[in-house]
Amino acid sequence: MKVLISADMEGATGVTWSADVEPGTEQWQRCRSMFTSDVNGAIAGLIDGGADEVVVNEAHSSMRNLLLEQLDERASMITGRHKDLTMVEGIQAGDVDGVVFLGYHAGAGAEGVLAHTYLPNSITGVWVDGEPASEGRLNALVAAEYGTPVLLVTGDDRACADALTYAPHARTVAVKDHVSRYAARCRPPARTFADIRAAAHASTALAVRHEPATSAGPYTVEVEVDATQLAGFAGMVPTVERVAERRIRYTAGTAYDTIRCFKAVTTLISNGTEHLYG
């Protein structure tokens, strides 16, 4: 049994505001240990449940946040940028029996601690075939295309509720409860480690590869931004059309192409912002 852990940071234990996840800040240094503890809880539980191999893919910002020196030695880690499938890099090998979305969060425009989709700001909404799309939904489509089930999702309570819409059979663990975008009622790391370990253990029962969902596409993606020039920048990507002042749309035949085009769109949006006016 081979399991991939896609590890994001906004939904990790103790994280509630931007400095907690911004590389180089004092708070980020402090929160890295709690983030690593969450990952170790998942690794331990997966091994308890019979996993033979656990690969952790760093999925936040610089993708150099987890503390390798504190990582459970039974796992390996993909760290650093850039990667073909960014948050679910490694799943394209075709031999992954299950994936864990750890430290995930609600999508852009939704209620949730540090809610966003790929970019911390600028994007106000993402939809796939008319359904609101968080990072979890986007990555779950890619996982399904490789026949890999989502086993477990951890994050705040809003991220767990979101997971039920795209992975209804997956286990969920809320490490904190949403109070506002920058506040949460948090469980301490000793408790969340135990909760994640127990859920990961139980989730291995779901680690059975499916037939790849190769006929599920095409997918139509719409992205809404908070400034008109950002839609113009995003529209520079071939196949992407501007359908309103602040909204773009594209259609891709596969989930693989969907996520890669989305990465191109968000890169241009990110580079189209200015310091004060966005």
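I take buried to mean under 20% relative accessible area, exposed over 50%, and partly exposed in between, with a 1.4 Å probe and protein chains only. Helices (H or I, at least four residues) and strands (E, at least two) are DSSP runs, numbered from the N terminus.

The model is predicted, so I note its filters: local features need pLDDT of at least 70, side-chain atom pairs count only at pLDDT 80 or more, and totals for chains, interfaces and linings use all residues. Residues are numbered from 1 along each chain as its sequence is written, and side-chain values use heavy atoms, with hydrogens and water left out.

**Entry 1: helix H6**

I started with H6, residues 255-271. Its 17 residues reach 24 Å from the first C-alpha to the last. That is close to the expected 24 Å at 1.5 Å a residue, where the expected span is 1.5 Å times one less than the number of residues.

Which residues of H6 are buried? I found Ala255, Thr258, Ile259, Cys261, Phe262, Val265, Thr266 and Ile269. They cover an arc of only 165° around the axis, which puts them on the same side of H6. The arc is taken from the directions from the helix axis to the C-beta atoms.

Next I looked up what these buried residues pack against, with contact meaning heavy atoms within 4.5 Å. The partners are strand S5 (123-128), helix H2 (135-145), strand S10 (219-225), helix H5 (228-234) and strand S12 (247-252).

**Entry 2: the antiparallel sheet**

S5, S10 and S12 turn up again in an open sheet of 5 strands. I read the order as S6-S5-S10-S12-S11, with antiparallel pairing. The edge strands are S6 (131-132) and S11 (241-244), and each pairs on one side only. Two strands pair if DSSP finds at least two bridges between them.

S5 and S10 are joined by 5 bridges in the antiparallel sense. Ile123 stands opposite Val225 in S10.

**Entry 3: strand S4**

How many of the residues of S4 are buried? I get 7 of 7, so S4 is mostly covered. S4 pairs with S1 in the parallel sense over 5 bridges, and Val3 stands opposite Gly98 in S4. S4 also runs parallel to strand S7 (residues 150-156), joined to S7 by 4 bridges. There Val100 stands opposite Leu152 in S7.

**Entry 4: Met9**

I then checked Met9, in the loop between strand S1 (2-7) and helix H1 (26-48). Met9 is buried, at a relative accessible area of 0%. Leaving out residues up to four places away in sequence, Met9 touches a set of residues including Val15, Trp28, Phe35, His60 and Gly103. Met9 and Gly155 are 146 residues apart in sequence, yet their C-alpha atoms are 9.0 Å apart in space.

**Entry 5: salt bridges**

I count a salt bridge when a side-chain nitrogen of Lys or Arg is within 4 Å of a carboxyl oxygen of Asp or Glu. The structure holds 11 salt bridges.

In one of them, the side chains of Arg197 and Asp48 meet at 2.7 Å, N to O. Arg197 lies in helix H4 (residues 189-203) and Asp48 in helix H1, so the pair ties together parts 149 residues apart in sequence. Arg197 is partly exposed at 32% relative accessible area. Asp48 is partly exposed at 36%.

H6 came back in the pair of Asp84 and Arg260, whose closest N and O atoms are 3.7 Å apart. Asp84 sits in the loop between strand S3 (75-78) and strand S4 (98-104) and Arg260 in helix H6, so this pair ties together parts that are 176 residues apart in sequence. Asp84 is partly exposed at 46%, and Arg260 is partly exposed at 36%.

The antiparallel sheet holds a salt bridge between Glu222 and Arg249, with closest N and O atoms 2.8 Å apart. Glu222 is in S10 and Arg249 in S12, 27 residues apart. Glu222 is buried at 16%, whereas Arg249 is partly exposed at 29%. Both belong to a salt-bridge network with Glu224, Glu241 and Arg247.

**Entry 6: domains**

Last, I looked up the domain bounds, which come from an automatic or database domain assignment. Domain 1 is 2-115 + 134-206, and domain 2 is 219-272. Their C-alpha centres lie 26 Å apart. I found 10 residues of domain 1 in contact with 8 residues of domain 2.
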